[in-house]
Amino acid sequence: MFERHPEMKEKNTLPTKIYPFLTFLLVILTITAGKSFAAFSISVTPFEGGQDIRFGNISAKNQPPLNKEVTVRATTDIAKQYRVIQQILEPLADETGAEIPYGDLLVYAIRGTNTYGTLSVINEIPISPNRTVIYTSNPQGAQDSFQLAYRLIPENIAAGSYRGRISYTLEPIESGVSSSTLILNIFVEISQEGAIKIQTQDSSKNVFLKQADAQKHSFEVSFQIIGGLGRQFKIAQVISEALMSNEGIELPLEVVSFAVSENKKGVAVLEPTVLTKKEQLIYSSSPDGASDNFVVSYVLSDISSEKPGKYATKIKYILEGTGNIESGLLETLHLQVENDKIFDLEITSETGWGIAFTDLKAETPPRINEVTIEVKTNLAKPYQITQNVLSDLTDKQGNTIPNDYFHLRTESINTKGNLRFSDKGVVKKGDAILFSSDNQGSPDKFKIIYELECPKDLKAGDYSTRITYSLLEI
């Protein structure tokens, strides 16, 4: 039998008092591993990316207000109502301690960017060190996101580099979960040289185009490069969303085109170019970023066959800088396209007013009158066209020509619908259906050919009648 020598010792032997402590620690770890933690956090993402809100290289002189946008997202599974609080932790100040004047930096929530809860700052308010409720969730505490816009009015701000800190707090309402806070730095760079001023033709924030008004088929946005920026830069436009109506109907962006004119130093898009969802370069400055002026003209193509409605999206103008020119959002304009309901009948006749046959004589060759009918519609509903002959063909003395000598037929002009008089028929007083559209109610066009034979007993003279045409939905 093997016997251990008294001097032999076991290696890695733990003191007896350690075992209870390890057992206790193991129990704690087991409990912790089996416990789930609630999700309750907030994120804030600037439009240009990064972790800061930056207003860079702004000239206070003649500089219009600038916007910077962020997306705020609340992530939660506590199923309890919550709110989002904004608060300035450090006011925007330069290295000397001078602060941006109160009221020159404002915030507002962009209407319609949230899904469930309520936005509290629809109208612009100055950012403040006070706790400001900007959003309250629905009672179920559903996850949500929304967009905030920070609007800087630089004209009263002295040149300098300003820095501040802003906090966003996700705060539960009547729940034991702890609040979640995120802090962003905010920077403003003000210089006295160089500025880009953007202004619409009516000084609004809208680019408005309307199909029914020929004077509103185009709209101009002017750009002024004031003072020069010192380095080359580019200006692009971004349209990230389709033209959409309140009813959820989409209008292709391609119905609007743009072109640039009046630039003298930079290079611009001079040829008409349709809008797309891709970023589109509209202007490149000279190598030294010299002062310049140019105009962007937006033109609406014919959308009379598109569904009626009011369509909207946003145009964002982006500055792409080099060197110390910081890239960023210059301005956001609202693109609005209005397409009124169209249900019109256009009639073109040889006389311009009715059906007339002049200087008729007995037994002369048949006489012809033609009328062109065109229907313009975007209702997408079937329709028909009728004619109403108000009288027989009559001269000034009251003499008439019998109906048997007066005929009509209809002739296609790439017609999609159904012509009722493809073969010659007698023109009778009263109503008669001439045409029925296709099932889609497509716009259409056709010709009516009226033919008059001169009978043997015809009394010479000028004969006429009046015919009305009606366009009706069916």
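**View 1. K376 and E346, a salt bridge between strands 27 and 25 of the predicted model.** K376 is partly exposed, its relative accessible area being 33%, and in this predicted model its side chain meets that of E346 in a salt bridge with an N to O distance of 3.2 Å. Because K376 belongs to strand 27 (residues 367–377) and E346 to strand 25 (residues 343–349), the pair ties together parts that lie 30 residues apart in sequence. E346 likewise counts as partly exposed, at 37% relative accessibility.

**View 2. A network of salt bridges around R83, R131 and E171.** Here R83, R131 and E171 are joined into one network by salt bridges that share partners. By the rule applied to this model, the count of salt bridges comes to 14.

**View 3. K68 and E48, a salt bridge between a strand and a loop.** The closest N and O atoms of K68 and E48 are 3.3 Å apart, and the two residues form a salt bridge. This pair links distant parts of the chain, 20 residues apart, with K68 in strand 3 (residues 66–76) and E48 in the loop between strand 1 (40–46) and strand 2 (52–59). K68 counts as buried because its relative accessibility is 7%, under the 20% limit, whereas E48, at 36% relative accessibility, counts as partly exposed.

**View 4. K210 and E338, a salt bridge between strands 13 and 24.** K210 forms a salt bridge with E338, and their closest N and O atoms are 3.6 Å apart. The pair links distant parts of the chain, since K210 is in strand 13 (residues 206–210) and E338 in strand 24 (residues 328–339), 128 residues apart. E338 counts as buried, with 13% relative accessibility.

Methods: Residues are numbered from 1 along each chain as its sequence is written. This is a predicted model: local features need pLDDT of at least 70, side-chain atom pairs count only at pLDDT 80 or more; totals for chains, interfaces and linings use all residues. Side-chain values use heavy atoms; hydrogens and water are left out. A salt bridge is a side-chain nitrogen of Lys or Arg within 4 Å of a carboxyl oxygen of Asp or Glu. Helices (H or I, at least four residues) and strands (E, at least two) are DSSP runs, numbered from the N terminus. Buried means under 20% relative accessible area, exposed over 50%, partly exposed in between (1.4 Å probe, protein chains only).
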